[in-house]
Amino acid sequence: MSEEIEIPVVIVGGGGCGLTLSAFLSNYGVEHVLLEKHTGTSILPKAHYLNQRTMEILRNHDMVEEILQKTCPPRHMSQVAWQTSLGGSDPIDRQVISKFECFGGNDGTEFAESYKRDAPSALATFRCFVLFGHKLVDFTDEGSSVVVKACDEAGLERKYRCKYLIAADGGRTIGPKLGVKMEGLTNITDMVSVHFSADLSEYWDDRYFACHFINGECNTVFESGAIVPMGPNWGKYSKEWVFHCGFAMDDQNRHDDEALVPRIRQLLKIPNLEMDVHKISHWAIERVLADKYRVGRVFLAGDAGNRRPPTTGLGLNTAIEDSLNIAWKLAMVLKGQASESILDSYEPERRAVGEINSDWGLFTFSNSAVINTILGLIPGEREANRFRFKTLFENTDKGHSFRAQVARIIESQAIEFCAHGIELGFRYPKGLLLHDGSLPIDRDPLGLKYYPTTQPGHRLPHAWIETGDSVISTHDLVPKKPGFALITDSEGDDWAIAARNISKNRGVDIVVAQIGDQAPYRDYDDRWNGLKGIQPGGAILVRPDNMVAWRSIYKSRLEGKELEVAMEKLLLGLGDIEKQYKAKI
């Protein structure tokens, strides 16, 4: 055994969650080590979609440029479709059953305008060690520190003593040892993903993000499937693809991988399609949530805390939000800028979002059953299913009515592909924030519409503001290093003075932004005035993760002392204690 290495943070797991957490900690100057049992990053495509919340997080950490260079252009992921087949020559082959816009759609549409308006980004001297081929052997929380044992491929063991251990391991090792229970539904469906290369340029629509295939020979949902292009070229010229299909958990043939290529060819009706299969993966659909996100000095993030159906793409995106939440709090604690108590806010904040996102994933996955039923994928009703499918394409009044109703039902799946309100409108009911007593805002129960607000516990609304010759987002006001932003207007001088005193006395960055016609910052397109939710002279305090921590709707009555009290409470980890907070001021 080599000598013990002391380092503030150890991350276990080098997937999307662990690697982004490592990047955030690096940007914050926090020493850490990441242990990943595999010898490199995944060579297989998994997550398909980085939503706007994730992209604005990565934007604030200067990680967007390379992603945008390599990602799929928005035009090639602007529609989702249900279709009979890609090939074939029968009258009902190559027929689009229904399609609709997704992820903001094309320029000029209602969805596209809302996506552009509400976020600044489109879709998708310290030690830092990322150690691939290193497996966690054991760990012990000793109260004041955690001892982590790991070994490399050669069997050489290393020991790390850290202040905090982050489980980004998908829930495979650390959670079970801690006695964390994953509560919810498991083994709902056996999903199979076939990653392959093929030339589909003759058939594919350039706008499709995904296409579901259902033809007249299908009898149940388990005989249908969907395809998503995976690049590195995009649109019809994508070289790689992933085919997704499902099996009932009691299907004895679900592991017959040799039957999958013929099945894909038959479903697409391209019998001679040349396919180079790279990998076949089986995974179970589940909706589970950890009963706790923290045990002592160990925190769970990403899939270690919740796992849900992939519909709405909330897996990796939720994990990246987890990573940011714990990263800035660890940074402030380790640098002595805040009490260790602020870490108590991680679980109530992120577990609440994990529960909502898990429920939403199951909700949107379950809604597909409605579509399957109307399309004629009802087990045990083969003749009725075929009759229904034939009617779908009749050039009769009955056929027209049926197609219209089918399209109407399919469009209900917008809850999966246009969940703007779910992605941007999440909130923290409890945590490192101080409620102002205002009534909760409206929420779209279908998750489609996002209602921006500056209420504490919500994401700061995006608006373009002008300073000098530059136009920036309100999100750009938060410092790159862990710090806060204080937004007020020309009448908020008391707040500005108080914020600068706090920065000087406590060593915590607070960027002051006074927005107004005569102020250093100006409302670029007259949108901020409609979003700010405060009266002249009011103030909004924004956390490092662009979540609103506190606000005063009105002008200070105590020369900014209210802000000093609020910051003291927040840095001591005493958020969400409204009575004490009000009593003190």
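This report describes salt bridges, one buried asparagine, a four-stranded sheet and some backbone details in a predicted model.

**Salt bridges**

The count of salt bridges in the model comes to 26. Three of the pairs are set out below, each with the distance between its closest nitrogen and oxygen atoms.

| Basic residue | Acidic residue | N to O distance |
|---|---|---|
| Arg-161 | Glu-4 | 2.7 Å |
| Lys-177 | Asp-138 | 2.2 Å |
| Arg-551 | Asp-436 | 2.4 Å |

In the pair formed by Arg-161 and Glu-4, Arg-161 counts as partly exposed at 22% relative accessibility, and Glu-4 is likewise classed as partly exposed, at 31%.

The salt bridge between Lys-177 and Asp-138 links distant parts of the chain, since Lys-177 belongs to helix H5 (residues 174-178) and Asp-138 to strand E7 (residues 135-141), with their positions 39 residues apart in sequence. Lys-177 has a relative accessibility of 46% and is therefore partly exposed, while Asp-138, with a relative accessible area of 30%, is partly exposed as well.

The side chains of Arg-551 and Asp-436 also meet in a salt bridge. Because Arg-551 lies in strand E25 (residues 548-552) and Asp-436 in the loop between helix H12 (420-424) and strand E19 (464-467), this pair ties together parts of the chain that are 115 residues apart in sequence. Arg-551 has a relative accessible area of 8% and is buried, as this value is under the 20% limit, whereas Asp-436, at 22%, is partly exposed.

Beyond these pairs, a network of salt bridges links Lys-329, Glu-349, Arg-543 and Asp-545.

**A buried asparagine**

Asn-546 is placed in the loop between strand E24 (539-542) and E25. With a relative accessible area of 2%, Asn-546 is buried. Which residues are in contact with Asn-546, leaving aside its neighbours within four places in sequence? They are Arg-53, Asn-60, His-458, Arg-459, Leu-460, His-475 and Val-478.

**The sheet that contains E7**

Strand E7, which holds Asp-138, belongs to an open sheet of four strands in the order E1-E9-E8-E7, with mixed pairing. Strand E1 (4-6) and E7 stand at the edges and have a single partner strand each, so one side of each is left without a neighbour in the sheet. From one strand to the next, the twist averages 25 degrees. E7 runs antiparallel to strand E8 (residues 146-151), and six bridges join the two; Phe-139 stands opposite Val-148 in E8. In general, the strands of a sheet pair through backbone hydrogen bonds, in either a parallel or an antiparallel manner.

**Backbone details**

The peptide bond that joins Gly-231 and Pro-232 is cis, with omega about 0 degrees, and Pro-232 is found in the loop between strand E13 (225-231) and strand E14 (240-247).

Positive phi values in residues other than glycine are found at Asn-187, where phi is near 50 degrees, and at Lys-269, where phi is near 60 degrees. Asn-187 is found in strand E11 (residues 182-197) and is partly exposed, with a relative accessible area of 47%. Lys-269, by contrast, is found in the loop between helix H6 (260-268) and strand E15 (276-290), and at 24% relative accessibility Lys-269 counts as partly exposed.

Terms used. Residues numbered from 1 in each chain as written. Predicted model: local features only at pLDDT ≥ 70, side-chain atom pairs only at ≥ 80, totals over all residues. Heavy atoms only, no water. Salt bridge = Lys/Arg side-chain N within 4 Å of Asp/Glu carboxyl O. Buried < 20%, exposed > 50% of the residue type's maximum accessible area, 1.4 Å probe, protein only. Contact = heavy atoms within 4.5 Å. Pairing = 2+ DSSP bridges. Axes fitted to C-alpha atoms, helices over the stretch in contact; angles between N-to-C directions.
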